[in-house]
Amino acid sequence: SLMLRGTRSAGGSDLSGGLVTLPNFFNLEANQSPNCMNIVFNPGGSIEKRLGSSSMNTTVLASTAGWGVFDYGAGGNLRWLVVAAGSGIYASSNRGVTFVSIATGNFTVQNYVNFERSKPYLIATMDSLNRVLYWAGSVNTFMLTLAVNSAPTARFAVDFQGFLLLMNTNLNKRRIVYADNNLITTDPWNNSFDLPSSSDDEITGSAILNKKLYVFTKYKIFRISYVGGNPDFAYQDVKDWGAVQRTIKKITMPEVGEVIICLSWDKTIRIFDGTEDQIVSGNIEDSGGMADVSLEDANDNALERAFAETDTNQQVYKLWLAMGTSSQTTYCLVFDPLNNAFYPFDNQIFHGALMAESGGATARRELIGVRRTGQVHIINSGNTDTGTAITDFYQSPLFFGKTPRVASKSQQVSLYFSATSSGSVFFQDRVNFSNVFGAARSSISFADTAGKLQVVKTIDLPLTQNTYQFQLSSSASTADPWRLNRADYELSDLGIGRAG
């Protein structure tokens with residue numbers, strides 16, 4: 001129908017703004033949400049219910065699985081998905097379906113294992129500072145102790161400019177010990193240097209960007225350059241903030257290119273191009289708004305449980321966090337650099353995740369997650385979390401006249417869904433700053449999608465109010481996800497005064 005005279009429309013076709021947890025929810029843009037869960041905000045402007053995950057292994061790994069996970073190509077078509085679980089390390093040549101043991105009893109139970117590749121070898125270092133292990137990836141072989149009489153124990157390793165660097169050692173938490181990566185099994189391991197910082201500082205990880213190695217500590221970032229000769233490496237203190245271990249990844253930003261992205265210890269998410277840094281998480285840092293989760297809600301006493309991976313299939317950064325009083329990761333915050341949007345997922349009880357290939361001629365990279373209970377999952381797969389329904393909801397920003405003092409007459413909401421949508425979507429609303437949504441005003445089904453590019457649902461709103469807000473949620477079933485491409489809210493202003 002034609003828009004009534006005096007009626008104006010709010011909303012539109014850009015819904016891509018993501019979650020904003022700012023306490024002053026009056027400042028949200030029309031494409032931003034003050035509260036949502038399990039909703040993907042696409043750069044193209046649409047929103048949709050997220051996909052689930054599917055379990056791969058029929059025989060679960062030891063409990064407390066996921067202390068470390070790595071995708072290791074051993075040559076030819078042989079690829080191993082390597083997982084630390086319990087007090088052992090296991091490898092799967094079919095990306096998580098079945099596993100063989102490659103190390104047992106080599107590290108303290110319930111401590112992280114950090115993997116790196118150096119030449120042909122898989123290197124395993126441990127937070128518990130047990131001996132460094134290495135493995136050539138051959139079938140029916142086990143990991144061996146690296147240079148047992150000379151190599152230090154260390155928490156982290158990185159292969160850089162023809163050397164293997166062992167970092168945060170048993171002798172000094174800011175020490176880097178290195179050896180020629182052709183000689184790591186026999187080297188005397190007597191070359192080292194210490195990064196200058198306070199005595200309570202320690203190395204928490206690293207990333208290589210533009211042929212430079214950036215080593216992160218709790219309080220600083222150092223740029224490491226290979227210079228050759230004596231010494232082999234030079235270092236420069238470049239930033240006075242540090243990163244949480246296992247959250248340091250790389251991602252491609254529009255008009256910038258590849259940058260490092262990480263969670264810092266002040267619970268902000270930063271990007272760093274080797275020279276300049278920028279905080280990108282301002283929209284989700286405060287917990288005083290309507291949102292169920294924010295970075296402020298992350299458990300300070302469990303930040304070391306956080307981990308991240310760049311989902312290269314979707315080009316997003318996924319950060320798993322322990323929220324509230326939980327000591328375990330239960331939520332995932334997703335950052336999409338294309339629309340600068342964050343959005344949260346719950347029921348994320350993974351202990352580690354990475355992009356892994358299947359190997360062989362049909363190799364495809366998938367995001368793999370390992371649950372603490374020993375299941376290995378393909379993430380972004382299926383419509384449930386391995387049988388557990390996904391409870392999703394999206395809340396619109398507050399709609400009002402020129403100011404919230406202006407009373408308005410609601411006319412209708414028009415919702416434009418992709419024809420691939422299925423299941424049932426429930427439409428609820430609330431007015432005048434109520435903190436409770438009313439009963440479902442409409443139940444939207446998608447039985448009439450044949451021959452249509454869009455499914456349009458128009459809902460009449462017999463309301464007079466000062467502020468208006470709606471919520472969409474689904475039946476949490478096994479149906480394919482719904483996708484909303486446009487939402488138009490039509491209202492007419494009545495004048496200043498209190499309505500309702």
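This text walks through one sheet and two pockets of a predicted model.

The sheet is open and has four strands, in the order β16-β17-β18-β19, with antiparallel pairing. At its edges lie β16, residues 154-160, and β19, residues 191-194, each of which pairs on one side only. On average, neighbouring strands of this sheet are turned by 25° against each other, direction ignored.

Inside that order, β17 covers residues 163-169 and β18 covers residues 175-180. These two strands run antiparallel and are joined by five bridges. One place to see the pairing is F163, which stands opposite D180 in β18.

Strand β16 also leads to the largest pocket, since it is among the strands that each supply at least two residues of the lining. The others are β8 (65-75), β12 (113-118), β20 (203-209), β24 (249-253), β28 (307-311) and β32 (350-356). Of these, β8 gives the most, with six residues. The largest pocket holds about 1200 Å³ of space. It is lined by 38 residues, and those closest to its centre are F70, F115, I248, K249 and E309. By type, the lining divides into 17 nonpolar, 12 polar and nine charged residues.

The second largest pocket holds about 360 Å³ of space. Its lining has 26 residues, with V40, Q314, K318, F345 and N380 closest to the centre. Strands β6 (47-49), β29 (316-321), β30 (331-336) and β31 (341-345) each supply at least two residues of this lining. Here the division is 13 nonpolar, seven polar and six charged.

Notes
Residues numbered from 1 in each chain as written. Predicted model: local features only at pLDDT ≥ 70, side-chain atom pairs only at ≥ 80, totals over all residues. Heavy atoms only, no water. Pairing = 2+ DSSP bridges. Axes fitted to C-alpha atoms, helices over the stretch in contact; angles between N-to-C directions. 1 Å grid on protein atoms, 1.4 Å probe; cavity = no way out; pocket = protein on both sides within 12 Å on 5 of 7 lines; lining within 4 Å. Points joined across faces, edges and corners; volume = space filled by probe spheres on them. Nonpolar A, V, L, I, M, F, W, Y, C, P; charged D, E, K, R; others polar.
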